[in-house]
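Me: Please examine the salt bridges of this structure closely, and then follow the residues concerned into their surroundings. I would like one connected account.

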Amino acid sequence: MKAISRVLLLLLFAARAYAQEDPLAPAMAPLAPKPTSIKVHDMENLTISALRREFPRLSGIFASAHSCRLPDYGPLISVTIQLPSFYFTKPVLQELDRRQRAAAEQARKVRTQLERAAQLISLRSKEAGLLERIDWEESSKKKSKETLEALQNQLSDVRKDLETLETNQLGTFVVQESNMLLNEVDLNKMLVANYQQLVQRVTKTMKNSLAENGPLITDLNSHERVTVNAYIRDNILGSSGKSILFSLYPQDIQDYKNGTIDLKVLRDRVIVRDEPRE
């Protein structure tokens, strides 16, 4: 029940959050020229800018950053990321919409079958009535040839309609009500999958930002590494989440500055360590 309560609270923010991600919103303004050198504290804005580029439609993204220099270690940039409620409610709303459309389609098929069944019953009844009238007409002493032909023509039309219905009728359709329900397991799976996707996107963004900007720090000593700590909250109601460390070692930075490796290789050399945090 905790997951359901959590989602219900998230849904309260959904209407407001829809305005935070506008698919028709204009693209971001052109980026400023890339600096040739930066200070440690400049990495804060550069890291936030990288997140904005990765999530351009999420205008409600909340991120804060600060930097410091650890003795005998090097610069450390800490980023806290909190996405708007819509990011967490979106997969649930999409799944509810999908299931609603599936239920509507299921109801349409059932209704069609019921209509066909009603038509079949009506035609069978009409066929039986015509057969009875034809038998009575043929056995009548005052039978009319014209009346008999008219009844036979009606019977022929009814049997054609029956043949058409029986040929084109739908197969057996079973209503599966349980598949239309959204239970706690489904909610947990969607929320976990959505959060994992977020972590993957942030990881890629932080690796790129660190590789592109870390070597540009002007007063970086030859023994110092550059580290970004990204803390990603996993909901909008608490402080739990995942803390991921991204580090560039001094030798890798020096190899890049010397031209021994390119930016692509430097990105691959970013060390990533992550662990859950309560």
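Reply: In this predicted model, the structure holds 12 salt bridges. Side chains of opposite charge can pair when their charged atoms come close. One of the salt bridges joins Arg108 to Glu105, with the closest N and O atoms 2.7 Å apart. Because the two residues are three places apart in helix H4 (residues 85-139), about one helical turn separates them. Arg108 is partly exposed, at a relative accessible area of 37%, and Glu105 is also partly exposed, at 33%.

Helix H8 offers another pair. There the side chains of Lys264 and Asp268 form a salt bridge, at 3.9 Å from N to O. Both residues belong to H8 and are four residues apart, about one turn of the helix. Lys264 and Asp268 are both exposed. Elsewhere, salt bridges with shared partners connect Arg69, Asp219 and Glu224 into one network.

Within that network, Glu224 deserves a closer description. Glu224 is located in the loop between helix H6 (184-213) and strand E3. With a relative accessible area of 5%, under the 20% limit, Glu224 is therefore classed as buried. The side chain of Glu224 makes a polar contact of 2.7 Å with the side chain of Arg69, and also reaches the backbone nitrogen of Asn221 at 3.1 Å. Apart from neighbours within four places in sequence, the residues in contact with Glu224 include Tyr73, Gly74, Pro75, Pro250 and Ile253.

Ile253 leads to helix H7 (residues 250-257), whose buried residues are Asp252, Ile253 and Asp255. These three residues lie on the same side of H7, because they cover an arc of only 160° around its axis. The buried residues of H7 pack against E3, E4 and helix H8 (263-268).

Strand E4 returns the account to salt bridges, since Lys242 and Asp274 meet through their side chains at 3.4 Å, N to O. This pair links distant parts of the chain: Lys242 is in E4 and Asp274 is in strand E5 (residues 271-277), 32 residues apart. Lys242 is buried, at 18% relative accessible area, whereas Asp274 is partly exposed, at 44%.

Lys242 also has a place in the strand pairing, where it stands opposite Ile232. Eight bridges connect E3 to E4 (residues 241-248), and these two strands run antiparallel. E3 is further joined to strand E2 (residues 74-82) by six bridges, in a parallel arrangement; here Ile77 has Val228 of E3 as its bridge partner. Strand E3 (residues 226-233) is mostly covered, with seven of its eight residues buried.

Val228 and Ile232 recur in the largest nonpolar core, which has 30 residues; they are listed with Val202, Leu210 and Phe246 as the residues with the most contacts inside it. Helix H3 (42-54), E2, H6, E3 and E4 each contribute at least two residues to this core, and the largest share, seven residues, comes from H6. Leaving aside neighbours within four places in sequence, Val202 is in contact with Leu51, Phe55, Ile81, Ala230 and Ile232. A second, separate core of 10 residues includes Leu151, Val158, Leu162 and Leu165.

Terms used. Residues are numbered from 1 along each chain as its sequence is written. This is a predicted model: local features need pLDDT of at least 70, side-chain atom pairs count only at pLDDT 80 or more; totals for chains, interfaces and linings use all residues. Side-chain values use heavy atoms; hydrogens and water are left out. Buried means under 20% relative accessible area, exposed over 50%, partly exposed in between (1.4 Å probe, protein chains only). Two strands pair if DSSP finds at least two bridges between them. A polar contact is a pair of N or O atoms within 3.5 Å; within protein, one must be able to donate a hydrogen and the other to accept it, and residues adjacent in sequence count only if both atoms are side-chain atoms. Contact means heavy atoms within 4.5 Å. The arc is that of the directions from the helix axis to the C-beta atoms. A nonpolar core is a set of buried Ala, Val, Leu, Ile, Met, Phe, Trp, Tyr and Cys residues joined through side-chain atoms within 4.5 Å. A salt bridge is a side-chain nitrogen of Lys or Arg within 4 Å of a carboxyl oxygen of Asp or Glu.
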